[in-house]
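Q: Hi! I've got a model open here and would like to talk through a few spots in it. Could you help me out?

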Amino acid sequence: MPTATTQSAARAQLLRHLGETLRALPAELSLTVRHPDLPKAVFHRGVTLPWDDGDPDSPLRFLDIRYWVLGTTPETSERYFESVLRAWTEQGWATSSDPNQLPRAAYARTPDGFGFALTQSVNGYLSLAGSTPPFEPESEAAEPLPTTIEHP
């Protein structure tokens, strides 16, 4: 099981992986926790959770965050969904999806243990979640991930 050395290192690598995914997509797309068309569907800025709920003594944690893929519409989400899958595959990430499942969902795992989920909402909008491998928590609070990630 790959582990990140620290929470700061895990957050930084997660941000790089999100940027790599975004870089492979059209320039009009970005990631945001607050979608202007969905004012009541605001995502959190990332949450740190216990790695193993069954082991209360384990100090390991992981970070999970979800972003809206801004710039997609219900009419274009299918095309962009396929673009994300292609980007993950081209980066050598292990992917899985069921094209017959509606709404659609796809998953990826990076060689260094980060996980991603692309989800199409029932109304056609796309969101992208990322999770880190386990890390040892640091004594200092880690810098939160940005609320918006612009296309690089």
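Q: What follows helix 2, and what's its phi like?
A: That's G92, and its phi is positive, near 85°. Keep in mind that this is a predicted model.

Q: Fair enough. How far apart are the end C-alpha atoms of helix 2?
A: They are 20 Å apart. That agrees with the 20 Å that its 14 residues, 77-90, should span at 1.5 Å a residue.

Q: And which residues of helix 2 are buried?
A: The buried ones are S77, Y80, F81, S83, V84, L85, A87 and W88. Their cover includes helix 1 (7-23) along with strand 4 (94-97), strand 5 (105-109), strand 6 (115-120) and strand 7 (126-131).

Q: New topic: how many salt bridges are there in the whole structure?
A: A search finds 2. R104 and E78 meet through their side chains in one, at 2.3 Å, N to O. R104 lies in the loop between strand 4 and strand 5 and E78 in helix 2, so this pair ties together parts 26 residues apart in sequence.

Q: What about R104 and E82?
A: Their side chains also form a salt bridge, 2.6 Å from N to O. E78, E82 and R104 are thus linked in a network of salt bridges.

Q: Is R104 buried or exposed?
A: R104 counts as buried, with 4% relative accessibility. E78 is partly exposed at 35%, and E82 is partly exposed at 32%.

Q: Last one: where does P74 lie, and what does it touch?
A: P74 lies in the loop between strand 3 (61-70) and helix 2. Leaving aside residues up to four places away in sequence, P74 touches N123, G124 and Y125.

Terms used: Residues numbered from 1 in each chain as written. Predicted model: local features only at pLDDT ≥ 70, side-chain atom pairs only at ≥ 80, totals over all residues. Heavy atoms only, no water. Helix = DSSP H or I, 4+ residues; strand = E, 2+ residues; numbered from the N terminus. Expected span 1.5 Å × (residues − 1). Buried < 20%, exposed > 50% of the residue type's maximum accessible area, 1.4 Å probe, protein only. Contact = heavy atoms within 4.5 Å. Salt bridge = Lys/Arg side-chain N within 4 Å of Asp/Glu carboxyl O.
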